[in-house]
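Student: I would like to go through this model by asking about one spot at a time. Please keep the answers short.

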Amino acid sequence: MATDFDGSPSGAALVSAMAAGPVLLDGGLSNQLAAQGCDLSDALWSARLLLDEPRQLVAAHRAYFLAGARVATTASYQASRAGFATRGVDAAKTDRLLALSVEVARLAAEEVAAELGDGRPRWVAASVGPYGAVLADGSEYRGHYGLSAAELAEFHRPRLEVLAAAGPDVLAVETVPDLLEAAVLAECVRGLGVPVWFSFGAADGLTRGGEPLAEVFALVAEVPEAVAVGVNCCAPQEVEAAVALAAEVTGLPAVAYPNSGEGWDAAARRWTGPAAFDPALAASWVAAGARLVGGCCRVGPAAIAAIAERATGVDAGPGERPGG
């Protein structure tokens with residue numbers, strides 16, 4: 001299947017850039033915010049900053065752009081009407097906060113473009129996390145929540161519509177854990193007029209819910225808005241085989257942005273175990289078909305800069321090379 005999205009000009013420009021070669025994504029937003037001194041202990045996680053400290057989000061996006069990233073992923077992964085309602089925020093204000101997530105990422109792109117004066121395009125991906133992310137209990141690493149397709153659609157559709165209307169260059173439908181939620185999301189993004197990448201959590205060559213990756217890749221690739229399919233927030237060693245499979249099954253460019261390889265302890269709200277992210281591995285992901293390449297949780301600006309330096313052909317901008 002060929003990528004033929006013909007919607008927004010900015011989205012089409014990103015698709016063209018992917019056709020020309022791999023495009024560098026950012027890394028984990030939460031770890032960069034923590035490095036900036038932000039308290040992420042709230043159940044809203046990085047989405048809390050939309051409510052309380054949006055300028056911290058600008059700074060985090062800037063850090064990745066200055067490291068060479070061409071795409072900033074917004075702080076909307078865990079943002080929802082249900083989640084913000086626990087803080088007394090009504091639906092109308094929540095929708096404004098979702099739109100703000102796109103605005104602050106765009107502002108960071110504009111600031112860096114003016115600062116570097118390099119004339120290079122930088123894009124904004126509006127993050128759409130799975131239902132399990134809102135539960136803040138690690139459910140996105142298991143899936144199969146016990147909800148019906150209708151209930152999942154009722155949750156996802158409004159925020160997808162708000163995010164699409166906010167004018168991102170692409171929707172990043174990410175960390176999808178199972179086939180049911182993938183099918184719901186595939187229907188919810190149809191007709192929104194924004195290109196979409198779909199990325200799945202993966203373990204042992206399967207989705208987090210235990211289904212064959214080939215099955216979920218094929219399902220979402222049928223969506224007209226789909227411009228890339230792959231994996232994210234999985235261990236780095238899962239990526240190469242998954243990317244090759246995604247490219248083979250879908251004919252689309254693949255997306256690859258694993259986490260550090262550490263495990264998430266949802267009860268303690270901390271990462272455990274050794275890190276296994278090696279920026280040099282990105283070259284093998286590109287060789288396997290990845291055209292959107294970066295990192296997820298616990299992968300910071302220094303690692304993103306290292307990908308740009310070590311993975312031949314990854315299209316990164318010049319800029320500062322942060323040390324941590």
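Student: Not counting residues up to four places away in sequence, which residues does Leu-192 touch?
Tutor: This is a predicted model. Leu-192 sits in the loop between helix 9 (179-188) and strand 5 (196-200). Beyond its sequence neighbours, its contacts are Leu-160, Glu-161, Ala-164, Leu-171 and Glu-225.

Student: What distance separates the C-alpha atoms of Leu-192 and Glu-161?
Tutor: Glu-161 is among the residues that Leu-192 touches. Along the chain the two are 31 residues apart. Their C-alpha atoms are separated by 7.0 Å.

Student: Is Leu-192 buried or partly exposed?
Tutor: The buried class ends at 20% relative accessible area, and the exposed class starts over 50%. Leu-192 has a value of 23%, so the class is partly exposed.

Student: Where is Ser-80, and which backbone nitrogen does its side chain reach?
Tutor: Ser-80 lies in the loop between strand 2 (71-73) and helix 5 (81-85). Its side chain comes to 2.9 Å from a backbone nitrogen, that of Gly-83.

Student: What is the relative accessible area of Ser-80?
Tutor: Leaving out residues up to four places away in sequence, Ser-80 touches Thr-94, Val-134 and Phe-155. Buried means under 20%. Ser-80 is buried, because its relative accessible area is 1%.

Student: How many residues of strand 3 are buried?
Tutor: Take the two sides in turn. On one side, Trp-123, Ala-125 and Ser-127 are buried. On the other, Val-124, Ala-126 and Val-128 are buried too. For strand 3 (residues 123-128), the count is six of six.

Student: Which residue of strand 3 is the bridge partner of Ala-72?
Tutor: Strand 2 and strand 3 run parallel, joined by three bridges. In strand 3, the partner of Ala-72 is Val-124.

Student: Which residue in strand 4 stands opposite Ser-127?
Tutor: Strand 3 also pairs with strand 4 (residues 170-176). These two run parallel, with four bridges between them. Opposite Ser-127 in strand 4 stands Ala-172.

Student: Which helix gives the most to the largest nonpolar core?
Tutor: That core has 109 residues. Those with the most contacts inside it are Trp-197, Phe-198, Phe-200 and Leu-292. The top contributor, with eight residues, is helix 6 (residues 91-116).

Student: Leaving aside neighbours within four places in sequence, which residues are in contact with Leu-292?
Tutor: Leu-292 is one of the core residues with the most contacts. Trp-197, also in that group, is among its partners. The full set is Leu-14, Met-18, Val-23, Leu-25, Trp-197, Ala-228, Ala-254, Val-255 and Ala-256.

Student: Why are Asp-52 and Arg-48 about one helical turn apart?
Tutor: The two form a salt bridge, with the closest N and O atoms 3.1 Å apart. Asp-52 is partly exposed at 39% relative accessible area, while Arg-48 is buried at 10%. They are four residues apart in helix 3 (residues 48-52), so their separation is about one helical turn.

Student: How many residues apart are Glu-111 and Arg-62?
Tutor: Glu-111 and Arg-62 form a salt bridge, with the closest N and O atoms 3.4 Å apart. The pair links distant parts of the chain. Glu-111 is in helix 6 and Arg-62 in helix 4 (residues 54-66), a spacing of 49 residues.

Student: Which partner of that salt bridge is buried, Glu-111 or Arg-62?
Tutor: Buried means under 20% relative accessible area. Glu-111 is at 22%, so it counts as partly exposed. At 18%, the buried partner is Arg-62.

Student: How far apart are the closest N and O atoms of Glu-187 and Arg-190?
Tutor: Both residues are partly exposed: Glu-187 at 47% and Arg-190 at 36%. They form a salt bridge, and the closest N and O atoms are separated by 3.2 Å.

Student: Which residues do salt bridges with shared partners join into one network?
Tutor: The whole structure holds twelve salt bridges. Some share partners, and these join Asp-42, Arg-48, Asp-52, Glu-53 and Arg-87.

Student: What share of the chain's residues is buried?
Tutor: The chain has 13 helices and twelve strands. It exposes about 11,500 Å², with 52% of that from carbon and sulfur atoms. Of its 324 residues, the buried share is 57%.

Definitions and conventions:
Residues numbered from 1 in each chain as written. Predicted model: local features only at pLDDT ≥ 70, side-chain atom pairs only at ≥ 80, totals over all residues. Heavy atoms only, no water. Buried < 20%, exposed > 50% of the residue type's maximum accessible area, 1.4 Å probe, protein only. Polar contact = N/O pair within 3.5 Å; in protein donor to acceptor, adjacent residues only side chain to side chain. Contact = heavy atoms within 4.5 Å. Core = buried A, V, L, I, M, F, W, Y, C linked by side-chain atoms within 4.5 Å. Areas by Shrake-Rupley, 256 points an atom, 1.4 Å probe, with all protein chains shown as cover. Pairing = 2+ DSSP bridges. Salt bridge = Lys/Arg side-chain N within 4 Å of Asp/Glu carboxyl O.
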